[in-house]
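Me: I should like to understand the terms used for a protein structure. Please explain each one by setting the value against its definition.

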Amino acid sequence: MSTVPPTPPSPPTRTGPGYGPDDREGPSSWKRLLRMARPRATRANAFAALLSIALGFAIATQVQQTDQSGLEQLREDELVRILDDVNQEQGRLANDTRELESSRDALLSGASSSSEALKSAQDRLDTLGILTGTSPATGPGIVVTINDPDHKVTSARLLDALQELRDAGAEAVQIGEVRVVASTWFADVDGAIEVSGQRVAQPYSIKAIGDPATMASAMDIPGGVTESVRGDGATPTVRQAESIDITALHSLQAPRYARPVPAPSK
């Protein structure tokens with residue numbers, strides 16, 4: 001009697017993602033994708049890498065230069081000069097604020113409003129006359145004299161002096177026989193200096209009305225006007241005075257292009 005050997009049991013059937021008949025080629029498909037995504041050493045890839053490195057270096061350099069261009073790169077005398085200018089400007093703005101508030105309160109009080117308005121308008125007219133250079137001015141200030149026998153001082157140096165005086169609160173300035181206004185310009189012509197087209201004679205004289213101590217300090221700060229003028233080989237002197245007369249006047253000219261903005265209609 002023959003015996004039939006038992007049939008070995010079939011392996012268990014597994015189901016689920018990755019075990020279906022469509023997933024048998026999965027590992028080889030992923031390998032092909034990985035090989036396709038692998039970077040290749042081509043000229044285009046190398047050129048793109050170099051461009052990226054160069055761009056990153058340029059950005060880092062620009063950021064570093066921007067960080068270094070602040071106040072930390074200035075000298076001590078330049079920092080002192082900036083601080084003085086800021087303090088002086090703050091003081092002038094505070095004075096202007098108090099004067100405007102006083103005028104406003106007087107106009108709103110209702111008492112003698114007509115006379116107060118007329119006085120305020122006249123004061124404003126006098127102020128505009130001084131600012132535009134059409135009216136003479138008098139008051140405390142300084143006189144800066146520059147003796148330059150070798151003609152080393154240029155118009156740029158006088159412009160620097162004017163800027164320093166304005167920063168120090170000068171309200172009216174006269175250089176030689178020229179009244180300085182917003183449109184004043186400087187030029188070097190044939191070894192001489194012209195201010196608004198008028199030649200300034202030696203020694204150069206600058207009259208400025210304002211706080212004498214403040215303006216004199218602005219002229220004498222380290223790295224300022226007097227030190228620069230001495231570096232040019234000239235001799236500057238600064239004299240404070242309780243009263244200075246500025247008599248040079250500026251002739252107004254009608255603008256060629258600028259026109260006032262029409263008032264909005266109600």
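Me: What makes one say that helix α5 lies across β4 and β5?

Reply: In this predicted model, α5 comprises residues 155-167 and lies across these two strands. Contact requires heavy atoms within 4.5 Å. The direction of α5 makes about 160° with that of β4. Angles run from 0 to 180 degrees between N-to-C directions, so a value of about 160° is towards the upper end of that range.

Me: In what order do the strands β4, β5 and β6 stand in their sheet, and how are they paired?

Reply: The order is β4-β5-β6, in an open sheet with antiparallel pairing. Two strands pair if at least two bridges are found between them. Strand β5 (residues 192-195) is joined to β6 by 3 bridges, so this pair satisfies the definition. Within it, V195 stands opposite Q198 of β6.

Me: Why are β4 and β6 called edge strands?

Reply: Strands β4 (186-189) and β6 (198-200) each pair on one side only. Neighbouring strands of this sheet are turned by 40° against each other on average, direction ignored.

Me: Which strands form the sheet of 5 strands, and which of them stand at its edges?

Reply: That open sheet has the order β3-β2-β7-β1-β8, with antiparallel pairing. At its edges stand β3 (178-179) and β8 (235-246); each has a single partner strand, so one side of each is left without a neighbour in the sheet.

Me: How do you know that β2 pairs with β3 and with β7?

Reply: The definition asks for at least two bridges. Strands β2 and β3 pair over 2 bridges, and 4 bridges join β2 to β7, so both pairs qualify. In the pair with β3, I175 stands opposite V178; in the pair with β7, V173 stands opposite A208. Strands β2 and β3 also form a hairpin with 2 residues between them, and G176 in the turn has a positive phi of about 60°.

Me: Which way do the residues of β2 point, and are they buried or exposed?

Reply: A172 and Q174 point one way, V173 and I175 point the other way, and all are buried. Buried means under 20% relative accessible area, so each of these residues falls under that limit. In a regular strand the side chains alternate between the two faces of the sheet.

Me: Which helices pack against this sheet of 5 strands?

Reply: Helix α5 packs on the sheet and touches β1, β2 and β7, its direction making about 15° with that of β7. Helix α6 lies across β1, β7 and β8, running at about 20° to β1.

Me: What makes a group of residues a nonpolar core, and which residues have the most contacts inside the largest one?

Reply: Such a core is a set of buried residues of certain kinds, Ala, Val, Leu and Ile among them, joined through side-chain atoms within 4.5 Å. The largest has 28 residues, and those with the most contacts inside it are I142, I146, L165, V173, I175 and I206. Among the elements that each supply at least two residues of this core are β1 (137-147), α5, β2 (172-175) and β7 (204-209). L165 touches I142, A170, I206, A208, M215 and M219, not counting residues up to four places away in sequence. Apart from the largest core lies another, of 7 residues, including A172, I209, A241 and I244.

Me: How many helices and strands does the protein chain have, and what share of its residues is buried?

Reply: The chain has 7 helices and 8 strands. Buried residues make up 23% of its 266 residues.

Terms used. Residues numbered from 1 in each chain as written. Predicted model: local features only at pLDDT ≥ 70, side-chain atom pairs only at ≥ 80, totals over all residues. Heavy atoms only, no water. Buried < 20%, exposed > 50% of the residue type's maximum accessible area, 1.4 Å probe, protein only.
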